[in-house]
Amino acid sequence: MAAKPVTGYPAGNGEKGRDDTGVVVYGLRVALCLTVFLRVSPNMLRIHIVGSGPRTGTTLLAEAMGACFEIDEYCEHEAPVSREPALGAEVALTKEPADISVVRWPLQLDPSLHVICIVRDPRDSIVSVHRRAPDRYYSNLRFWKVFVRHFRYLESHPRFHGVRYEDLVHNPDAIQERLERRVPGLVRRHAFSQFHEVARPGEKSVRALHRMRPMDSASVGHWRDHLPRVKQQILEHGEISADLVRFGYEADSSWEAMLDGVEPGGFKSVLSAKRNWRMRARRSLRLSRAVANALLKKVGLPPRVVFYPMDKPLDIVRQRRRR
């Protein structure tokens, strides 16, 4: 999203205060805040999609929901749970796969928030590729391990809804009906099975989906054609059989016999298998802002109004980074 022009801030070269244009702009912003404060919907429905890792079908589900339900605001591709919807929106949809580690406290504090978590067989996720790097595997098992650790704290929450990717592509309309029962306020426009006919995804979403097509299960079980990759990831990140049984992907650990005699490959993933300080800082900032948003809404203050004065400093930072 293009940064907003910087106006109304203290002039350089030793000048003090705001220029006349800045005063007018600032006054208009304050007036806008007061106006939209009165338009905030007390019954807003916020839906946020997370996943068991990258390449799990979050984009597919988000595009299907955005096209097939009445959604007032839908992020172009990805937006964290800490991003507040536009003031006046009654149904808002965002998605960020990695937010599985962030949504626990916002769910406890914000009664308008529903989280949909799409879960995919981790063996299929780690052999999936992305169009931005089609010659390399995209993800790795570290993300699955993080997901499992956080999922146990969330699965019993009444506004946390799990959806298996495999069920979505096998029977999309049944999943749509289940979401309608679990998430009050969803109004259907089209059937999930028709989403490819009515969806208008952005460029980033098209890259993630590879192309617009009907939902199908062709990619389910694709890991069987990539056993060296699967064995490599298990050796690096640890066994997953107990998780596969828990999520219904295997009856027991006998599937591991398929890996006997398989030489693990030296494959590299597009996404790093290590958590660096940037990832930790980003998670902490998102969690702090999401909790602050929820607390503000509890006392009747729309976060978009409270944090509105922060828009310009943030825009300045974004502009400087682009130079």
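# A walk from the sheet outwards

Start by selecting Glu73 and Ala92: Ala92, in S3, is the bridge partner of Glu73. Keep in mind that what you have open is a predicted model. The two strands involved here, S2 and S3 (residues 91-95), run parallel to one another and are joined by two bridges.

**The whole sheet**

Now bring up the rest of the strands. You should find an open sheet of five, paired in parallel and ordered S2-S3-S1-S4-S5. Its edges are S2 and S5 (160-164), each of which has a pairing on one side only.

Stay on S3 and look at its other neighbour, S1. That pairing is parallel too, this time over five bridges. For one spot to click on, take Ile47, whose bridge partner in S3 is Leu93.

How much of S3 is buried? Five of its five residues are, so the strand is largely enclosed by the rest of the structure. Colour its two faces separately if you like: Val91, Leu93 and Lys95 sit on one side, Ala92 and Thr94 on the other, and all of them are buried.

**Helices on the sheet**

Next, show H5 (residues 141-154). This helix lies across S1 (45-51), S4 (113-119) and S5, and runs at about 140 degrees to S4. Then add H7, which also packs on the sheet: H7 touches S4 and S5, and its direction makes about 175 degrees with that of S5.

**The loop after S1, and H2**

Select Arg55, in the loop between S1 and H2. Check its backbone: phi is positive, about 60 degrees, and this residue isn't a glycine. For context, most residues other than glycine have a negative phi. Arg55 has a relative accessible area of 15%, and since the cut-off for buried is under 20%, it counts as buried.

Move along to H2 (residues 58-68), a mostly covered helix with eleven of its eleven residues buried. The buried set includes Thr58, Glu63 and Met65. At the end of the list is Cys68, which counts as buried because its relative accessibility is 0%. Cys117 gets the same label for the same reason, with 0% relative accessibility as well. If you're hunting for disulfides, the whole structure has zero.

**Aromatic pairs**

Time to switch on the rings. There are nine aromatic pairs to look for. Begin with Phe69 and Phe192: their ring centres are 5.7 Å apart and their planes are at 70 degrees, so this pair is edge-to-face. Which parts of the chain does it tie together? Phe69 lies in the loop between H2 and S2 (73-74), and Phe192 in the loop between H7 (172-182) and H8 (195-198), so the pair links parts that are 123 residues apart in sequence. Both Phe69 and Phe192 are buried.

Now go to Trp144 and Phe147 for a tilted pair, with 5.1 Å from centre to centre and 45 degrees between the planes. Unlike the loops you just visited, this stop is within a helix: both residues lie in H5, three residues apart, or about one turn. Trp144 is buried with a relative accessible area of 2%, and Phe147 counts as buried at 0%. Widen the selection to Phe151, Phe160 and Phe247, and you have one aromatic cluster together with Trp144 and Phe147.

**Two arginines over rings**

Which ring does Arg120 lie over? Zoom in on Tyr165: Arg120 is over its face, at 4.5 Å from the ring centre. Then jump to Trp255, where Arg123 lies over the face of the ring, at 4.7 Å from the centre.

**Zooming out**

Finish with the full chain in view. The tally is 14 helices and five strands. Of the 323 residues in the chain, 48% are buried. If you draw a contact map, look far from the diagonal: among contacts between residues at least 6 apart in sequence, 76% join residues at least 24 apart.

Key: Residues numbered from 1 in each chain as written. Predicted model: local features only at pLDDT ≥ 70, side-chain atom pairs only at ≥ 80, totals over all residues. Heavy atoms only, no water. Disulfide = S-S within 2.5 Å. Buried < 20%, exposed > 50% of the residue type's maximum accessible area, 1.4 Å probe, protein only. Helix = DSSP H or I, 4+ residues; strand = E, 2+ residues; numbered from the N terminus. Phe/Tyr/Trp six-rings, centres within 6.5 Å; stacked < 30°, edge-to-face > 60°. Lys NZ or Arg CZ within 6 Å of the ring centre and 35° of its normal. Pairing = 2+ DSSP bridges. Contact = heavy atoms within 4.5 Å. Axes fitted to C-alpha atoms, helices over the stretch in contact; angles between N-to-C directions.
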